[in-house]
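Subject: Structure handover

Hello,

Here is the structure I promised to pass on. Please open it first, then read the notes below.

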Amino acid sequence: QVQLVESGGGLVQAGGSLRLSCAASGRSFSNYYMAWFRQTPGKERQFVAGISWSGSRTYYSDSVKVRFTISRDNAKNTVYLQMNSLKPEDTAVFYCAADIDGIGVTYELWGQGTQVTVSS
């Protein structure tokens, strides 16, 4: 079974940047569709960005388009989320997720989350 572990969260000032990483252990995740979600207290988890198994197709929520970039390195079993021009409203717990069917509809695997806090 693949386990997902996020890292790279922290406290940053508005306008700053952070790079989140999600490392998969246990087996290769090269066939999985990978995505990042985020959640704030009292709200549902929201889709942020997704990437196909080959990395050739990426998708973003409107709120992060242009500012965030998702990428993956299948040789390193790692997916990244580069976040630029961060805003206070980006503050959330960010989760890495995997769809083992490679489609990007239902996510069976989740990481434990990493906190991102953007100060104004």
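**What I found**

Ser85 is found in the loop between β8 (78–83) and β9 (92–99). Keep in mind that this is a predicted model. Ser85 is not a glycine, yet it has a positive phi of about 50°. Its relative accessible area is 41%, so Ser85 is partly exposed.

Val66 also deserves a look. This residue sits in the loop between β6 (58–60) and β7. Its phi is positive as well, at about 80°, and Val66 is not a glycine either. Is Val66 buried or exposed? With a relative accessible area of 78%, Val66 is exposed. The cut-off for that word is over 50%.

**The chain as a whole**

The protein chain has eleven strands and zero helices. Read from the N terminus, its elements are β-β-β-β-β-β-β-β-β-β-β. The C-alpha trace spans about 40 × 25 × 25 Å along its principal axes.

How does the radius of gyration of the protein chain fit a compact globule, and what is its value? The value is 13 Å. A compact globule of 120 residues would come near 14 Å, so the two agree.

Of the 120 residues, 43% count as buried. The accessible surface of the protein chain is about 6,200 Å². Carbon and sulfur atoms hold 48% of that surface. Now take the contacts with a separation of 6 or more: 55% of them join residues 24 or more positions apart.

**The four-stranded sheet**

One sheet is open and has four strands. Their order is β1-β3-β8-β7, and the pairing is antiparallel. β1 (3–7) and β7 (68–73) stand at the edges. Each has a single partner strand, so one side of each lacks a neighbour in the sheet. On average, neighbouring strands of this sheet are turned by 15° against each other, direction ignored.

Start at the β1 edge. Five bridges pair β1 with strand β3 (residues 18–25) in the antiparallel sense. Two residue pairs help you find the place:

- Leu4 has Ala24 in β3 as its bridge partner.
- Glu6 has Cys22 in β3 as its bridge partner.

Then move one strand on. β3 and β8 run antiparallel and are joined by six bridges. Here Leu20 stands opposite Leu81 in β8.

**Strand β11 and its partners**

Strand β11 covers residues 114–119. Which strand runs parallel to β11, and how many bridges join the two? Strand β2 (residues 10–13) does, with four bridges. Within this pairing, Val12 has Val118 in β11 as its bridge partner.

β11 also pairs with β9, in the antiparallel sense, over three bridges. Ala92 has Val116 in β11 as its bridge partner.

In a regular strand the side chains alternate between the two faces of the sheet. β11 shows such alternation. Thr114, Val116 and Val118 point to one face and are buried. Gln115, Thr117 and Ser119 point to the other face and are not buried. Two of the buried residues have appeared above: Val118 as the partner of Val12, and Val116 as the partner of Ala92.

**Arg38**

Arg38 lies in strand β4 (residues 33–39). Is Arg38 buried or exposed? Its relative accessibility is 9%, so Arg38 counts as buried. The cut-off for buried is under 20%.

The side chain of Arg38 makes a polar contact of 2.9 Å with the side chain of Asp90. Leaving out residues up to four places away in sequence, Arg38 touches a long list of others. Among them are Glu44, Arg45 and Gln46, as well as Val64, Phe68, Ala92 and Phe94. Asp90 is on that list too.

**One more loop**

Gly55 lies in the loop between β5 (46–51) and β6. Its relative accessibility is 30%, so Gly55 counts as partly exposed. Gly55 and Leu109 are 54 residues apart along the chain. Their C-alpha atoms are separated by 19 Å.

**Where to start**

Begin with the polar contact between Arg38 and Asp90. Then follow the sheet in the order β1-β3-β8-β7. Finish at β11, with β2 running parallel to it and β9 pairing in the antiparallel sense.

Best wishes

Conventions. Residues are numbered from 1 along each chain as its sequence is written. This is a predicted model: local features need pLDDT of at least 70, side-chain atom pairs count only at pLDDT 80 or more; totals for chains, interfaces and linings use all residues. Side-chain values use heavy atoms; hydrogens and water are left out. Two strands pair if DSSP finds at least two bridges between them. Axes are lines fitted to C-alpha atoms, for helices over the stretch in contact, and angles run from 0 to 180 degrees between N-to-C directions. Buried means under 20% relative accessible area, exposed over 50%, partly exposed in between (1.4 Å probe, protein chains only). A polar contact is a pair of N or O atoms within 3.5 Å; within protein, one must be able to donate a hydrogen and the other to accept it, and residues adjacent in sequence count only if both atoms are side-chain atoms. Contact means heavy atoms within 4.5 Å. The radius of gyration is taken over C-alpha atoms; the globule rule is 2.2 Å times the number of residues to the power 0.38. Accessible areas come from the Shrake-Rupley method with a 1.4 Å probe; for residues, only the protein chains shown count as cover.
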